Structure formats: C-alpha cells, structure tokens
Amino acid sequence: MSSGVAYSIRSLVHRYDGNTALDIPHLDLPSGRIYAFTGPNGSGKSTLLFILALLIAPSSGSVLLDGVESIRNRDPRLRRRVTLIHQKPVLFSTTVRRNIAYGLHAHGCPKKEIRRRVRTILEEMNLSAVADKHAAKISGGEAQRAVLARSLVLETPVLLLDEPTNSLDDASRPILVQMLLGAKRTRGATIVIAAHDSNFIDSIADRVFPLEEGKIRG
Amino acid sequence: MNDLKLAFTEALRLILTVDAEVATIVSASLRFALSSTLLASIIAIPAGIALANARFRFKRIVEDILNTLLAVPTVVVGLFVYTLIYSQGPLGELRLLFSPEAIILGQTVLILPLVAALSCGAVSTVNPTVRETAFTLGAGRFRTILTVASEARAALLIACITAFGRVIGEVGISLILGGNIQGYTRTITTAISLQTSKGEFALGLALGMILLCAAFGINIAARLLGRRPL
C-alpha cells in the first residue's frame with residue numbers, strides 16, 4: 001500500500017458557509033517525517049487535520065493516503081492507518097486500561113497482543129499505577145498521558161496531533177517528544193502536528209508549513 | 001379527622017404486618033411495571049439511539065411526533081390498545097383483554113415514546129468528540145454508536161427509571177385493559193381507586209404510602225445515577 005508518500009494533496013479546497021477555510025493546490029508529505037502546520041486560530045490547521053484523519057470530506061480536491069484516495073473512502077483498513085489526537089481530547093467513561101485498549105479492539109488485535117501492548121505503553125507512559133482507575137478519577141497530567149497512550153499504542157503509520165501541547169503539563173511534554181521521535185525512528189511513522197507552540201515545533205518538526213487563511217505561505 | 005387518624009393507623013398496620021392483599025397488589029404492580037419497562041427499554045433504547053445517530057429529511061418531525069406522544073393521557077393509550085385487543089379487534093383472537101399481558105402491553109405502548117425520546121436526547125448530548133475519537137481510533141459504525149451510547153448510559157438508565165415511575169403510577173391503562181380483577185390484574189392505583197369509591201381508606205392509604213415510597217426511591221436512584229460516573 002505504501003508509496004513512500006504518506007499524503008498527496010491536490011487542489012484541496014474546503015468551504016464553510018461560503019468562506020474558503022482551506023485552499024492547498026499541491027502538497028506531498030513523504031512518509032517517516034514529522035510535519036507541523038502553524039498559524040493563528042482560524043487559519044485552517046484543524047480543518048486540514050480533520051480531512052487528513054478522514055473525519056470530514058473537503059468541498060473539492062483529492063487527498064491520497066499511501067497512494068489511495070481517502071476522500072469518502074469507507075474502507076476501514078485505510079482509516080485504521082491514521083489516528084488523530086484532538087485539541088480537546090476526551091477519555092471514555094471507563095478505566096484507563098480499557099481506554100488504551102479501545103483502539104486495539106477496534107483494530108481487531110488478538111487479546112494476548114492487546115494485553116502485551118497495553119502493559120508496555122502503560123509502563124512507558126508512567127501510567128501503570130492508575131491503569132485500573134476510572135478515567136474520571138485520575139489527575140489532569142495522567143489523563144493527558146492516557147490520551148497519548150491510547151493513540152500511540154495503535155502504532156498507526158500516520159499520527160495526527162491537533163495542538164498537542166495545549167492540554168499537556170510541563171512534566172508530560174518531554175514524554176510526548178520522546179514518544180513521537182521514537183515512533184518516527186523505530187517505525188517510520190509520519191506525524192502531522194497542528195500547533196501554535198513554536199518552541200515545541202522547532203524541537204521536533206522536520207518541516208514547518210505556516211498556514212494563513214487556509215493557504216500555505218512561503 | 002378521627003376517621004382519617006384511624007385509617008392511617010390501619011394503613012400502617014397493613015404495611016407493617018405485610019398484609020396478604022397489600023402484598024399481592026404491590027407484587028402485581030411491580031411485576032407489570034418492571035415487565036413493561038423492560039420491554040419498552042429493549043425496543044425504545046435502540047430506536048432512540050438510532051434516531052439520534054440518523055440523518056434524514058424528516059428527523060425533526062419524527063422527534064416532534066415522539067414529544068407529542070409523551071403528553072398522551074394513559075386512558076387514551078388504554079382505549080387505543082383496547083380497540084386492538086377486544087374480542088372484535090385485530091388482536092381479539094389472542095384473548096388478552098383483562099389479563100396481566102394486556103396491562104403490560106398497554107403500559108409498554110405508553111412508555112415507548114418516553115424511553116425513545118429520552119434515549120435520543122441522552123445520546124444527542126454526548127460530546128461530539130467522543131464519536132470522532134472512536135472513529136479515529138478505528139471503530140466501525142456499530143462500535144462507535146455503542147461507545148457513544150455507553151457514554152450516555154447513566155442518562156439511559158434514568159430514562160428507564162423515569163419510564164418505570166410513569167407506569168407504576170398510571171391508572172387508566174390498568175383499569176381499562178386489566179379490569180381491576182382481585183388477585184389477578186388489580187394494581188396499586190386501581191385498588192386505590194376502588195377503595196376510595198367504596199369509602200374504605202385504610203387499604204388505599206397503605207397502597208398510596210407504598211407508591212409514594214416507590215416514587216421517592218425512584219427519584220433517589222435517578223439522582224445518584226445522574227451524578228456518578230458508571
């Protein structure tokens with residue numbers, strides 16, 4: 001399925017109520033790198049991530065994911081190549097362990113494999129002590145790490161993060177950087193980040209795309 | 001005043017000594033109400049969830065119809081079901097009239113829209129990010145719907161409790177479809193109605209107190225479920 005290019009975007013336009021929220025004529029994102037889209041609120045960063053995550057279909061244009069047209073593509077195998085961490089993430093009303101295992105169940109992973117991968121990421125994210133606590137009963141920092149763990153445990157080829165540092169405390173930030181660099185280095189993951197935080201972006205991104213009124217500048 | 005005092009004393013005695021007639025009536029009421037709540041929940045919760053997730057042209061009209069049905073008096077539902085199951089009705093051959101099954105059927109019809117509307121409302125108010133998160137974690141449509149419903153499970157349980165409260169206290173359906181037959185279809189509310197018409201208040205008061213306690217318990221349960229994460 002892989003073509004060496006994670007995303008090929010062609011003539012992508014998305015409009016809200018007649019206003020153009022996104023207009024990207026041509027963009028290729030080769031696999032195995034970390035990309036950042038920066039810009040003020042309303043510049044189209046989140047909209048782009050939602051399109052890349054197959055959550056919304058653009059008004060027009062084409063987005064190839066690993067060489068396959070992703071727009072209105074209902075193939076779950078394609079969708080399961082991508083995971084998105086929301087700007088304001090939510091944990092499901094269950095234990096931390098079940099939250100982290102959720103996507104693995106959805107991906108059809110064998111139970112033994114699920115147990116192994118969940119145990120490993122709980123340790124890596126320093127969440128083992130709260131694994132069986134209800135998500136509503138853990139601290140803010142633990143919840144943030146649980147959200148990251150829930151997506152990272154899937155080991156999808158593409159990981160999308162919408163303003164990931166917004167909801168992160170200072171202690172969790174180095175863990176995020178370490179996990180993202182690890183995913184890129186060990187699995188060749190493609191990571192796309194929408195963010196304001198230039199310090200974070202500078203420390204991690206291979207390429208930065210400034211967005212302004214839905215268009216890539218520079 | 002003295003009569004009322006005597007009636008209260010007698011009512012308390014009937015409750016505390018677990019009077020056989022009181023026990024039979026309360027047990028029948030609970031059986032009918034629990035059965036109809038269970039039946040309605042099995043049908044209406046999935047229907048409400050499906051409605052909340054559906055996107056179609058006349059969705060608002062369907063919601064408006066559901067909300068209108070919430071206000072239908074129990075006697076009208078009783079009359080409607082009566083026309084279905086009386087001897088000349090389309091379901092007359094089943095000989096359901098004046099049986100516990102008739103009451104359960106009528107009560108189920110009464111609370112179907114209530115449970116469906118409350119379930120639809122409960123699922124609709126779940127944070128949209130839950131649905132998007134489930135989707136981006138690879139869940140299919142069915143698992144995503146189940147996840148969203150699971151997030152609303154406290155509200156769904158409250159819908160069931162509210163429906164139970166509605167049927168345990170209704171009188172029109174039990175009277176029209178059950179016939180208030182002693183030891184068979186007599187419920188708390190039909191017994192109260194009968195005793196009051198006979199001027200015998202003690203049994204009616206005893207049953208009224210039990211009904212009030214049940215309503216209190218239902219309210220407490222709904223409040224506790226509403227505030228704790230399940």
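In this predicted model, chain A holds an open sheet of six strands, arranged in the order S6-S7-S8-S3-S9-S10 and joined by mixed pairing. Strand S6 (82–85) and strand S10 (215–216) of chain A stand at the edges of the sheet, and because each has a single partner strand, one side of each is left without a neighbour there.

Within this sheet, strand S7 (residues 158–162) of chain A runs parallel to strand S8 (residues 190–195) of chain A, the two being paired over five bridges. One residue pair can be named for orientation, since Asp162(A) has Ala194(A) in S8(A) as its bridge partner. Helix H6 (residues 173–187) of chain A lies across S7, S8 and strand S3 (34–38) of chain A, and its direction makes an angle of about 150° with S8(A).

Chain A also touches chain B, in a contact that takes 21 residues from chain A and 16 residues from chain B. On the side of chain A that touches chain B, the elements giving two or more residues are helix H2 (76–79), the strand S6 and helix H3 (96–106) of chain A, and the largest share, three residues, comes from H3(A). Sorted by class, this side of chain A has eleven nonpolar, six polar and four charged residues.

Two helix pairs, one in each chain, can be set out together.

| Helix pair | Angle | Distance between axes |
|---|---|---|
| H3(A) and H4(A) | about 135° | 10 Å |
| H2(B) and H8(B) | about 140° | 9 Å |

In chain A, the partner of H3(A) is helix H4 (residues 111–124), and the two helices are therefore oblique to each other, with H3(A) passing H4(A) in a right-handed crossing. From H3(A), the residues Arg97(A), Ile100(A), Ala101(A), Leu104(A) and His105(A) make the contact, and from H4(A) they are Ile114(A), Arg117(A), Val118(A), Ile121(A) and Leu122(A). Seven of the residues in this contact are nonpolar, one is polar and two are charged.

In chain B, helix H2 (residues 20–53) packs with helix H8 (residues 153–168) at an angle of about 140°, which makes H2(B) oblique to H8(B), and the crossing of these helices is right-handed. The contact draws on Ser29(B), Ala33(B), Ser36(B), Thr37(B), Ala40(B), Ser41(B) and Ile45(B) of H2(B), together with Leu156(B), Cys160(B), Ala163(B), Phe164(B), Val167(B) and Ile168(B) of H8(B). By class, the contact of H2(B) with H8(B) has nine nonpolar and four polar residues, and no charged residues.

Notes
Residues numbered from 1 in each chain as written. Chains lettered and ligands numbered in written order. Predicted model: local features only at pLDDT ≥ 70, side-chain atom pairs only at ≥ 80, totals over all residues. Pairing = 2+ DSSP bridges. Helix = DSSP H or I, 4+ residues; strand = E, 2+ residues; numbered from the N terminus. Contact = placed C-beta atoms within 7 Å. Axes fitted to C-alpha atoms, helices over the stretch in contact; angles between N-to-C directions. Nonpolar A, V, L, I, M, F, W, Y, C, P; charged D, E, K, R; others polar. Parallel < 35°, antiparallel > 145°, perpendicular 65-115°, else oblique. Left-handed = near helix turned anticlockwise from the far one by under 90°.
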